[in-house]
Amino acid sequence: MVKQRLPDSTGGGGGAGLEPWARALGRRHPRLDEAEVLAAVRKLANDFPPAYLETGLELAALVAGLELDTTSVIAALFCRPARHGGLGRQALAPLIGAAPARLAASVNHMADSSVLDLTSSRMLASEAKDQTANIRRMLVAVIDDGRVAVLKLAERVVALRRAKDSSEERKARIATEAMTVFVPLADRLGIWQLKWELEDLSLRYLEPDAYRRIAAQFDGRRAERERQVSRLVGDLKQCFERHGLQADIAGRAKHIYSIWRKMRAKNIPFDEVYDLQAVRVVVGSVAECYAALGWVHALWRHIPQEFDDYIAAPKDNGYRSIHTAVLAADGRPFEVQIRTLEMHRQAELGVCAHWSYKGLDDEDDYYASKVAWLRQAIEVHDREGVGLAEALLGRAQERRVFVHTPDGQVVDLMAGATPVDFAYRVHTEVGHQCVGAEVNGQLTPLNEPLHSGQRVKVLTDPAAAPQRVWLDPQLGYAHTARAKSKIRTWFLERGPGDNAAAGKALLLGMIDSLDLPPPNDAGLAALAADCGYESVERFLLAIGIGELDGIEALRRHLQRPGGVQQAELFEYPVPTGDRHRLRVKAKDREGLLRDLTLVLSRFGLSMLANSARLDALSDTAWVEMELELDALSELARVLHHLRQVPGVREVRRIN
């Protein structure tokens, strides 16, 4: 049966029972700061509804039993009020401190990912099929502290425990989510305590009849089984003492989900499950494990086909132990597990106890490396203190980002992807009609890189069309091959005449913004040849479809000997000098000057001087600034980027 590990008495929701509860927690976890935990519990009891206290105490007790630190236990206390009470990280920090508030907020951030919100929205077929895998990867990707993974798994255990009085629909929903997302994560992290309880509770809700049948057979024979296990433990202790082998020996019952799975896999009845009960032997060394195995087989007849040596060949998730099934004197089978203390801690606590990890055969390298980091991060943090776990994040740099659609689907994108990439991943028409994006409810530039865990909403207009600036690699609108291909294809379908005209307008516009004269026909021909094109038409077409960066073309010619200052290109010489005055015309809005300055900072530039004026009648702002930089081509690129600032209508160099 699943153990309902409820916390000790709370004294009626915040009374005298809280102090004994904290002391009991400290006895289970000697490194816990009881006073700090007690102070946090009292704040929870005094400032929040009683239901939050009850759930918080239960989750905190579970986390303390996993031997996480004081910060994690305090975060566990406040996870639910933080989520359901609308308390963000900043609001929570004054109550419990910055570190626990950050952990609680991170745990709640993971709750945005769910397999339960999948809809039939327009998605790539392959994306829809891979939602469960995407969500698992997303949960890993958004974790910036190894403790968050454990807290989230523990939080799901408590949620399942407390769902027993919920509707059948809700029980089935959260159990399905646990089995498809959180059980595999617990398995990969090796946190068996949580994995087993997640499985048993989920089985209770998903297969209630099977669960009840197995539980009833368990309970009906409990007293007899306990007497048998007690005799087996006593016999084994005597055997080991006679041969001078020191060991801790205890009995345990197999969890219900494991029995159900074995009965189904082998098509056998309950009575033929050999490891309904097991004796666990913990010794001091690997050599003693094999010595203990020899004496177990000498004492009882073993069942050859039920032997596994996970010390010699550990499981992929790092589990190590010897499993052997033997027959007691009365002919009943039972299992003996033999391991060292280190292996036992690993078996019980997983990532909370050990950082060694073999890797994953069926997962991509990124996922495997991030899980390995999680295991190591918690161990290092637990051993050496706050801050070191965070420092290990660099060992698993993100190569993918996982973001939500408004309907809860999870989209897998390459790192650096933008809202434009996201729009084209959802559907080609969504990309073509994209006019803006909201990220976590805030309007965001279309070339702003996305990060795992964000919720992205694409704003569309049926009359809209792709913008040519999306093809400019310097502006960073399109990062993925899919988006670039779809955008370029759309423009190619416009025809060569339209694209060449657009390319010419783009090139002449850049030249005009530099306050330079336009090139004559000979100048355009020379520029086309300088860029490797056989004709002006093909040269302009290349700019129009994004095949050639117009600014790069201009840069090449500006930097050649004689360059554009030659008479065949321009009708009069280009002004020289490294100080340039710019004029920006834009719709007046809050933050305009800040955003213009941010663009300049990306180029390592700062304003030498600036002035601004406002026409309130037309709601138009003019900003004049002075910059210092040598190359006109770089100035052209700066102007190009300034032109993308929201609200900007015109940017040009002035004399």
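The following dialogue examines a predicted model of one protein chain.

Student: How many helices and how many strands are there in the chain?
Tutor: The chain holds 655 residues, of which 51% count as buried. Its secondary structure comprises 27 helices and 14 strands.

Student: What share of the contacts with a separation of 6 or more comes from residues 24 or more positions apart?
Tutor: The question concerns contacts in the chain with a separation of 6 or more. Among these, residues 24 or more positions apart account for 69%.

Student: What part of the accessible surface of the chain belongs to carbon and sulfur atoms?
Tutor: The accessible surface comes to about 29,300 Å². The part that belongs to carbon and sulfur atoms is 49%.

Student: Is tyrosine 257 buried or exposed?
Tutor: Tyrosine 257 lies in helix H14, residues 256-266. Outside its neighbours within four places in sequence, tyrosine 257 is in contact with Met179, Glu199, Asp200 and Leu203. Its relative accessibility is 12%, and the limit for burial is under 20%, so tyrosine 257 counts as buried.

Student: How far apart in space are tyrosine 257 and leucine 203, C-alpha to C-alpha?
Tutor: Leu203 is one of the contacts of tyrosine 257 beyond four places in sequence. The two residues are 54 residues apart in sequence, and their C-alpha to C-alpha distance in space is 6.4 Å.

Student: Which class of exposure applies to lysine 504?
Tutor: Lysine 504 lies in helix H22, which covers residues 496-513. Leaving aside neighbours within four places, lysine 504 is in contact with Leu524 and Leu540. Its relative accessible area is 37%, which falls between the 20% and 50% limits, and lysine 504 is therefore partly exposed.

Student: Is arginine 637 buried or exposed?
Tutor: Arginine 637 belongs to helix H27, residues 632-642. Its contacts beyond four places in sequence are Gln474, Asp549, Ile551, Glu552 and Phe603. With a relative accessible area of 7%, below the 20% limit, arginine 637 is therefore buried.

Student: Which geometry describes the ring pair of tryptophan 490 and phenylalanine 491?
Tutor: The count of aromatic pairs comes to seven. In the pair of tryptophan 490 and phenylalanine 491, the ring centres are 5.0 Å apart and the planes stand at 85°. Planes over 60 degrees apart meet the criterion, so the pair is edge-to-face.

Student: What is the angle between the planes of tyrosine 310 and tyrosine 319?
Tutor: Both tyrosine 310 and tyrosine 319 are buried. Their rings form an edge-to-face aromatic pair, 5.9 Å centre to centre, and the angle between the planes is 65°.

Student: Which residue has its charged end over the ring of tryptophan 490?
Tutor: Tryptophan 490 is buried, as is phenylalanine 491. A charged end sits over the ring of tryptophan 490 at 3.9 Å from its centre, and the residue is arginine 494.

Student: Which strands stand at the edges of the sheet that has the order S9-S8-S10?
Tutor: This open sheet has three strands with antiparallel pairing. An edge strand has a single partner strand, so one side of it is left without a neighbour in the sheet. The edge strands are S9 (442-443) and S10 (456-460).

Student: Which residue in S9 stands opposite glutamate 438?
Tutor: Strand S8, residues 434-439, pairs with S9 in the antiparallel sense over two bridges. Opposite glutamate 438 stands leucine 443.

Student: Which residues of the largest nonpolar core touch the most other members?
Tutor: The largest nonpolar core has 61 residues. Leucine 198 has contacts beyond four places in sequence that include Leu153, Val157, Leu160 and Phe182. A second, separate core has 43 residues, among them Leu540 and Val638. In the largest core, the residues that touch the most other members are Trp21, Leu77, Leu153, Leu194 and Leu198.

Student: Is asparagine 267 buried or exposed?
Tutor: Asparagine 267 lies in the loop between H14 and strand S2 (277-283). Its phi is near 55°, a positive value in a residue other than glycine. The relative accessible area is 70%, over the 50% limit, and asparagine 267 is therefore exposed.

Student: Which class of exposure applies to aspartate 619?
Tutor: Aspartate 619 is found in the loop between strand S12 (609-615) and strand S13 (620-628). Although not a glycine, aspartate 619 has a positive phi of about 55°. Its relative accessibility is 29%, between the limits of 20% and 50%, so aspartate 619 counts as partly exposed.

Definitions and conventions: Residues are numbered from 1 along each chain as its sequence is written. This is a predicted model: local features need pLDDT of at least 70, side-chain atom pairs count only at pLDDT 80 or more; totals for chains, interfaces and linings use all residues. Side-chain values use heavy atoms; hydrogens and water are left out. Helices (H or I, at least four residues) and strands (E, at least two) are DSSP runs, numbered from the N terminus. Buried means under 20% relative accessible area, exposed over 50%, partly exposed in between (1.4 Å probe, protein chains only). Contact means heavy atoms within 4.5 Å. Accessible areas come from the Shrake-Rupley method with a 1.4 Å probe; for residues, only the protein chains shown count as cover. Rings of Phe, Tyr and Trp (its six-membered ring) pair if their centres lie within 6.5 Å; planes under 30 degrees apart count as stacked, over 60 as edge-to-face and the rest as tilted. A charge sits over a ring if NZ of Lys or CZ of Arg is within 6 Å of the ring centre and within 35 degrees of the ring normal. Two strands pair if DSSP finds at least two bridges between them. A nonpolar core is a set of buried Ala, Val, Leu, Ile, Met, Phe, Trp, Tyr and Cys residues joined through side-chain atoms within 4.5 Å.
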